[in-house]
Protein chains: 4
Amino acid sequence: MVLENEESKSLQSAKWGDGFESRAAFSTSPATGNANVRVFAPYTIYKGKASLSISPVLPTFVKIDSDIDGLKVDRRGSIMLTFCPAIGERKYDWEQRQKFALSPTEVGSLISMGAHDASEFYHDPSMKSSNAGQVSKSLCIKAFDGGNGYMISLTVTNNILKSNERFIIPVTTAEFAVLKTACSFALPHIMGWDRLTNQSPKGIKGSPSKMNPKQHFDLEWDR
Amino acid sequence: MVLENEESKSLQSAKWGDGFESRAAFSTSPATGNANVRVFAPYTIYKGKASLSISPVLPTFVKIDSDIDGLKVDRRGSIMLTFCPAIGERKYDWEQRQKFALSPTEVGSLISMGAHDASEFYHDPSMKSSNAGQVSKSLCIKAFDGGNGYMISLTVTNNILKSNERFIIPVTTAEFAVLKTACSFALPHIMGWDRLTNQSPKGIKGSPSKMNPKQHFDLEWDR
Amino acid sequence: MVLENEESKSLQSAKWGDGFESRAAFSTSPATGNANVRVFAPYTIYKGKASLSISPVLPTFVKIDSDIDGLKVDRRGSIMLTFCPAIGERKYDWEQRQKFALSPTEVGSLISMGAHDASEFYHDPSMKSSNAGQVSKSLCIKAFDGGNGYMISLTVTNNILKSNERFIIPVTTAEFAVLKTACSFALPHIMGWDRLTNQSPKGIKGSPSKMNPKQHFDLEWDR
Amino acid sequence: MVLENEESKSLQSAKWGDGFESRAAFSTSPATGNANVRVFAPYTIYKGKASLSISPVLPTFVKIDSDIDGLKVDRRGSIMLTFCPAIGERKYDWEQRQKFALSPTEVGSLISMGAHDASEFYHDPSMKSSNAGQVSKSLCIKAFDGGNGYMISLTVTNNILKSNERFIIPVTTAEFAVLKTACSFALPHIMGWDRLTNQSPKGIKGSPSKMNPKQHFDLEWDR
């Protein structure tokens, strides 16, 4: 029932939200890089067995080694998913958290999911190295048969420690709509496209130049 | 007929919109917290028996008690719905207003509604206390059978005063499209995500660092 | 053929776009009110019998007569449609232009149109006065039977001058997608909601306050 | 498999992304016109036979020759697609790149494509001149029969050099969702509409003016 969901979630925020977000601060701090002030506003879903916290991680930029004053993306942005296991009624253990960083393309996969689709992503920190496959993470997003919501699960396998952690979060259609809308909003930002467009007045010449129909194509044809 | 709707609404704004919004100022003032200037731009639907006014309420932030310069969400943002009963032709009584604050997840439920869906939300200010259930609010959004619009109704029950107020607003498909579009726009803002992304240049290092394919995963793997 | 459309449009812009927009400046100047710099960037569709130019008109604000420092909407924003008749091959007569200002709700109607829908809006400048009906404007947006585009037509009837002007613009699915996307982007801005959300840091208190689960509802319950 | 895709792309970025984007800087520099700092954040899809890089190109503005302080669009903005042929495993030759600039209407065509649609655009730099047809570019976007992704191909024909270059990029549903979302975000910006709406407080008068229901129509009726 909505009341149960909404209200229990409010209470959880009251009991654990603050500290949760406060601690989250340190783990998600890369999100705002060297910004003057760091802002932490994760969207957190609290469920019986685990909690899932979603935050955008902005890209970082570096100066271009050239004679022009430019910046290029250094580290890609992402949408960070943080899972915490429940360790009692409405208690979640931040120390045992596991994270999964959705790339722009993985975000594209999420926001294009229909009411009956499923997506699965694999990450391996040692990929392409001799240690490949020793440790891996698998995120699965699967629509419920009824089409009323999704199951999001993260599996972290460590073949060295022989450990296998699993987090399962049932997500309502409403919660998934928040995810889709917030991720669609964040996507251009984690791609760095907001930096291309939110700039001060530009390209202003002193007097109108005669419009040139080919000008548009010159851009296409220069090499 | 569109003319009737459009024009009568314009006229109502002329007669009551100003004062309405002016008084609204005081009730929605938390929306902009300590901002220098408060801006009031509710979207108001005037119908025969009541009016419905929609405004985003931004979250408030507090400094984090730590050695980093950060902010975290203090009070969640919401979309505030304000209902006023009609007390004559195109006259609405602000004194008898009732409000319902949609949480981000409830907004997600609203913007994901199809042309034939229904949603219902319950709020109880005394929830989880000994007074639980004494006073409660129930908001119902239900598509018309024809799929041409929605009925939005708010019921406020006070078991102590034995009072039961009800507001009913028929909403056209066009008005609901404004609601959905405006709420989708506002959602990341009431979540505080605009604060994460609308920041000044960040993460800029003096010289390009060698790109590290694992760097992306380090974020996932730090604890 | 796309080439024809695209290129002929480019050429038209070359021949008439500049002056067109330059003159448009004066008629759409209310869009940016007292802003320091006015920017004119209409989206114009040039067709055989007429041209259609679309521009957002931002709302204007007035100070609130009260002890708080606030602003409220004075004049509603709108999406201004400007029609010009063709007076020769790729020549359009700005002097004979006719305009139609879509209200936020009318914009909601436009952006919620399906591939087979139709919408019609009526405006009467003398509405509710003794001159009502003497002069009126009717805008009709109707999907083609094939579902491949829309017909947008404006009819301006003047019963005193016994005049009846009509503008008809066939719009491709691609052009309508630009209309929908641009109008969806502009809607929160013509509503003034961008002013609520694009504000500088706000609601920041010196130290974290204990989170209060009822706080959220207090907003709902204050009068 | 997603892992393969994701990771191989990361690796490619590591090997070629930096230099790629660095060189890209000079070709896409018009994107930010005379802005103080140029930001380069293309979304690049690396596939077996070629790579496709997408970046918004902002419009440029010129002062209006008039007594008002205004700006109008000088050169239209666009979404620039840059194709590079593969010259070895995960090696792409920037020197052999070919570009295609999508106009706002062509972007509208792209973002309105369904899971089974196809679009084709033709550009001829010499169009309407005696050299028309000597050199031309054709971009084709076609959904796979299965509805699981799209094929994007660019053909550049030079009838003088008797050359015919072709680039083919298979795009997954997830990658196309990023394209659609990023292009929908960028569309109002390449149209210059962000300049109309992201302006500082405007239209603020000292004291509230009496609301005039016709005021809204006066805008429609002035000439």
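Started with burial: in chain A I found A:Lys47 and A:Glu175 both buried. Worth keeping in mind that I'm working from a predicted model.

**Chain A**
Next I looked up what these two side chains do, and A:Lys47 and A:Glu175 turn out to meet in a salt bridge, 2.9 Å from N to O. I then checked where each one sits. A:Lys47 is in the loop between β2 (43-46) and β3 (50-57), while A:Glu175 belongs to helix α3 (residues 173-191), so this salt bridge ties together parts of chain A that are 128 residues apart in sequence.

**Chain B**
I went to B:Glu175 and asked which residue it pairs with in a salt bridge. The partner is B:Lys47, with the closest N and O atoms 2.9 Å apart. This pair links distant parts of chain B: B:Glu175 sits in helix α3 (residues 173-191) and B:Lys47 in the loop between β2 (43-46) and β3 (50-57), 128 residues apart. Buried or exposed, I wondered about B:Glu175 and B:Lys47? Both are buried.

**Chain C**
Here I looked up C:Lys47 and C:Glu175, whose side chains meet in a salt bridge at 2.9 Å, N to O. I noted helix α3 of chain C as residues 173-190, with C:Glu175 in it. C:Lys47 lies in the loop between β2 (43-46) and β3 (50-57), and the two residues are 128 apart in the chain. I have C:Lys47 down as buried, and C:Glu175 too.

**Tally**
Last thing I looked up: how many salt bridges does the structure hold over all chains? I wrote down four, among them A:Lys47 with A:Glu175, B:Lys47 with B:Glu175 and C:Lys47 with C:Glu175.

Definitions and conventions: Residues are numbered from 1 along each chain as its sequence is written. Chains are lettered from A and ligands numbered from 1 in the order in which they are written. This is a predicted model: local features need pLDDT of at least 70, side-chain atom pairs count only at pLDDT 80 or more; totals for chains, interfaces and linings use all residues. Side-chain values use heavy atoms; hydrogens and water are left out. Helices (H or I, at least four residues) and strands (E, at least two) are DSSP runs, numbered from the N terminus. Buried means under 20% relative accessible area, exposed over 50%, partly exposed in between (1.4 Å probe, protein chains only).
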